[in-house]
Amino acid sequence: MFYYAIALIVSLFLVTFAAGAEHPRLLFSKKDVPELRKRITKEPYKSMYAHLIKSADFDNWGRKPGTPDDDYDQLMMLNRAAFLYVLTGDDTWAKKARGLVESRLVDKAAINNSRTKGLTLYVHGTYLALAYDWCYDAPSWDDAFKAKLSKVIFDQAEVIARKGGSEQNRNAASNWQGLRWSSAGLCYLATDEKIDPKNIDLCFRNVSTYLRSNLGTGGSGWNCEGLGYSFYPMGNGVMPFGIAMHRADPSKDIRKSTPAAPYALWTSFVPIVRNSTGMWRPDFADDNPGTSFEGTLGFGFWMTPPELHPGMKFVYDKLVGLEGDKTFDTSRFGTPASILYYPDDVKAKDPMTLPVWVQLFADEKGNGMFTYRDRYGTPDDIVVQIFAKLIGNRGHSGPDSLSYRIYGFDGLWGVGGGRYGPKLNGQDAYHRSMNTLYPLDPDEPFRTNGDRGKIVDHQINKDGSGWVTMSASQNNVGTKNHVRRFYVTFDKSTGANAAIVIVDSSDNGTHFQHCAIETHPITADANTFTVTGPTGNTLRGTVAFPTDTTLKTGTRIRGSNAREWDENNFVTATARDGNIVTVLTLQPKG
């Protein structure tokens with residue numbers, strides 16, 4: 001009897017996902033479509049819809065006309081066309097989507113080929129699955145075409161799940177694995193071929209493992225690989241699969257995979273600043289500061305606890321919404337995710353008025369990202385972050401333990417070195433651009449490591465200021481017994497918009513370094529240095545101990561560009577007996 005019951009359950013599961021099941025079913029059902037079509041008749045969805053039409057033929061990022069022979073551009077055009085069919089019922093969009101599907105199916109390298117680069121397999125699986133689900137009832141999608149595509153999607157899932165493709169980073173915390181298992185899972189959920197339910201369960205378990213490995217077992221949801229590696233896998237795979245999986249089986253909820261998971265997309269809203277040169281965010285762990293949300297803003301409202309939604313809506317509106325640049329997260333899955341999940345029934349509130357928001361600035365149980373911020377929604381916002389790197393190197397992971405970043409106030413004042421690639425004196429260039437304490441001149445050869453940092457003590461104040469003490473038996477550039485005491489205040493009585501005090505002690509630290517982007521020249525005099533931003537604001541640095549320090553300034557290449565910029569300016573200051581105290585003040589022009 002027991003085995004009969006199990007067999008019955010399995011057969012029901014197979015029927016649920018077998019030929020003839022209703023579409024759409026992944027992110028919404030057929031009965032939801034009329035409400036979606038009604039939604040785009042009112043703001044802000046009306047403007048989102050208009051922008052989606054405007055960007056229908058744009059590239060992967062939604063910024064310029066797409067290249068007809070670029071596979072990523074074609075997939076994003078396909079995604080927009082298929083979703084516009086859902087929103088309008090106009091078969092013209094479905095015909096366009098079908099043409100783009102057919103152009104992808106003839107690409108033998110991208111379809112069902114285990115020798116193809118894994119990321120290429122994953123993105124094709126995700127966006128072919130969504131198009132099949134959304135355009136299934138379109139008049140121009142005949143049964144023969146749908147049957148062919150269903151089989152292709154099933155085969156794509158099998159190749160991804162069994163092989164994963166070439167060049168893949170197999171670390172469980174890597175964005176490669178988040179994308180691999182979520183894209184395979186989405187394909188299994190989309191196809192109308194008979195599937196083994198164990199395959200979907202495997203995908204769900206591995207996506208959950210990815211989230212636990214990447215985010216840690218607690219904390220505020222910061223990605224161990226850097227925020228750019230959160231935008232990409234979460235927006236283009238993990239979230240579509242997670243939502244579709246939960247719709248198919250409510251017991252499988254990625255938000256419960258680890259206590260940090262519900263906050264993973266909250267981090268997309270926290271550190272972003274907009275200035276005269278664009279939209280930026282701190283660049284930790286082999287990353288760079290360019291910002292394209294790729295759907296994480298819209299999906300964030302599904303993923304994140306409701307008590308944070310008022311602050312998230314405030315940030316969304318000011319950055320990409322009706323009060324911002326009105327692009328509605330134009331990159332990749334961005335605008336469709338916004339139309340689906342942006343909440344019009346939530347009242348926006350300044351995040352700094354939400355105690356839970358500010359409390360989460362202290363990431364003491366996750367990867368160890370501490371955030372200090374004065375406000376949201378103005379050109380003079382300031383964000384300061386420091387990274388403990390509590391779970392060490394995982395996936396892409398640069399030498400960032402106990403390193404800090406400073407953004408905002410119309411400048412990129414304290415930056416990292418981007419990601420791996422270009423070499424400098426035989427080492428990845430980005431290793432040499434850390435805002436930390438080195439055991440020698442950062443331009444000399446040194447050994448990096450993946451050691452973890454620790455949090456000794458901390459405090460976050462309700463105005464976004466505070467302090468933290470972090471330590472590492474060896475920081476990631478080789479300084480031993482490094483202790484960093486880091487204090488941040490936004491109190492105007494200091495005479496500055498922000499003041500930061502950094503107290504470093506160690507066994508063998510000889511050079512404190514601070515890096516800014518190339519458009520911010522650095523000058524030095526005695527024990528002080530000045531970083532000047534493009535509009536005349538300044539970051540003044542004073543070495544309070546030792547006062548007889550030696551300062552050195554210069555320029556070096558980055559590991560990757562920050563938009564069009566490929567160099568950093570730097571200043572180093574010599575320490576005494578492993579100790580140095582530095583005071584930074586961020587001040588307006590004049």
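# Exercises on loops, helices and strands

Ala285 sits in the loop between β2 and α11. The model used in these exercises is a predicted one.

**Exercise 1. Ala285 and its loop**

State what is notable about the phi of Ala285, and decide whether Ala285 is buried or exposed.

Solution.
- Step 1. The phi of Ala285 is near 60°, a positive value in a residue other than glycine.
- Step 2. The general rule is that most residues other than glycine have a negative phi.
- Step 3. The relative accessible area of Ala285 is 1%. Buried means under 20%, so Ala285 is buried.

**Exercise 2. A second positive phi**

Find where Asn112 lies and work out its exposure class.

Solution.
- Step 1. Asn112 belongs to the loop between α5 (91-105) and α6 (118-135).
- Step 2. Its phi is near 55°, again positive in a residue other than glycine.
- Step 3. The class between buried (under 20%) and exposed (over 50%) is called partly exposed. Asn112 has 28% relative accessibility and therefore counts as partly exposed.

**Exercise 3. Arg281**

Decide whether Arg281 is buried or exposed, and list what it touches beyond its sequence neighbours.

Solution.
- Step 1. Arg281 is placed in the loop between β2 (278-280) and α11 (296-303).
- Step 2. Its relative accessibility is 2%, so Arg281 counts as buried.
- Step 3. With neighbours within four places in sequence left aside, the contacts of Arg281 are Leu227, Gly228, Phe231, Pro271, Ile272, Asp287, Asn288, Pro289, Gly290, Thr291 and Tyr407.
- Step 4. For a distance, take Asp443: it is 162 residues from Arg281 in sequence, and the two C-alpha atoms are 26 Å apart in space.

**Exercise 4. The buried side of α3**

Which residues of helix α3 (residues 45-54) are buried, and why do they lie on the same side of α3?

Solution.
- Step 1. The buried residues in α3 are Tyr45, Met48, His51 and Leu52.
- Step 2. Around the axis they cover an arc of only 120°, so they are on the same side of α3.
- Step 3. The cover over these buried residues includes α2 (33-39), α4 (71-88), α12 and α13 (334-341).
- Step 4. For a residue of α12 (residues 309-319), take His309. It has 10% relative accessibility and therefore counts as buried.
- Step 5. Apart from neighbours within four places in sequence, His309 contacts Gly300, Phe301, Thr304 and Val346.

**Exercise 5. Two helices that cross**

Describe how helix α8 (residues 175-190) and helix α10 (residues 228-248) cross, and classify the residues of their contact.

Solution.
- Step 1. The two axes come within 8 Å and cross at roughly 35°.
- Step 2. The crossing in which α8 passes α10 is left-handed.
- Step 3. On the α8 side, the residues in contact include Gly178, Leu179, Ser182 and Leu186. On the α10 side, they include Tyr232, Pro233, Phe241 and Met245.
- Step 4. The contact of α8 with α10 has 12 nonpolar residues, 6 polar and no charged.

**Exercise 6. A sheet of 4 strands**

In what order do the 4 strands β3, β4, β5 and β6 stand in their open sheet, and which are the edge strands?

Solution.
- Step 1. The order is β3-β4-β5-β6, with antiparallel pairing.
- Step 2. β3 (369-373) and β6 (411-414) each pair on one side only, and these are the edge strands.
- Step 3. On average, neighbouring strands of this sheet are turned by 15° against each other, direction ignored.
- Step 4. Inside the sheet, β4 (residues 382-387) pairs with β5 (residues 403-408) in the antiparallel sense over 6 bridges. Gln385 is opposite Arg405 in β5.

**Exercise 7. Hairpins of β10, β11 and β12**

Over how many bridges does β10 pair with β11, and over how many does β11 pair with β12?

Solution.
- Step 1. β10 (residues 454-460) and β11 (residues 466-474) are antiparallel, over 6 bridges. Lys454 is opposite Ser471 in β11.
- Step 2. Their hairpin has 5 residues between the strands, and Gly464 has a positive phi near 90° there.
- Step 3. β11 and β12 (residues 480-489) are antiparallel, over 8 bridges. Ala472 has His482 in β12 as its bridge partner.
- Step 4. The hairpin of β11 and β12 has 5 residues between the strands, and Gly478 there has a positive phi near 100°.

**Exercise 8. Cis peptide bonds**

Describe the peptide bond between His23 and Pro24 and the one between Phe545 and Pro546.

Solution.
- Step 1. The bond joining His23 and Pro24 is cis, with omega about -5°. Pro24 is in the loop between α1 (2-16) and α2.
- Step 2. The bond joining Phe545 and Pro546 is cis, with omega about -5°. Pro546 is in the loop between β17 (538-545) and β18 (551-562).
- Step 3. In general, most peptide bonds are trans.

Terms used. Residues numbered from 1 in each chain as written. Predicted model: local features only at pLDDT ≥ 70, side-chain atom pairs only at ≥ 80, totals over all residues. Heavy atoms only, no water. Helix = DSSP H or I, 4+ residues; strand = E, 2+ residues; numbered from the N terminus. Buried < 20%, exposed > 50% of the residue type's maximum accessible area, 1.4 Å probe, protein only. Contact = heavy atoms within 4.5 Å. Pairing = 2+ DSSP bridges. Axes fitted to C-alpha atoms, helices over the stretch in contact; angles between N-to-C directions. Arc of directions from axis to C-beta. Left-handed = near helix turned anticlockwise from the far one by under 90°. Nonpolar A, V, L, I, M, F, W, Y, C, P; charged D, E, K, R; others polar.
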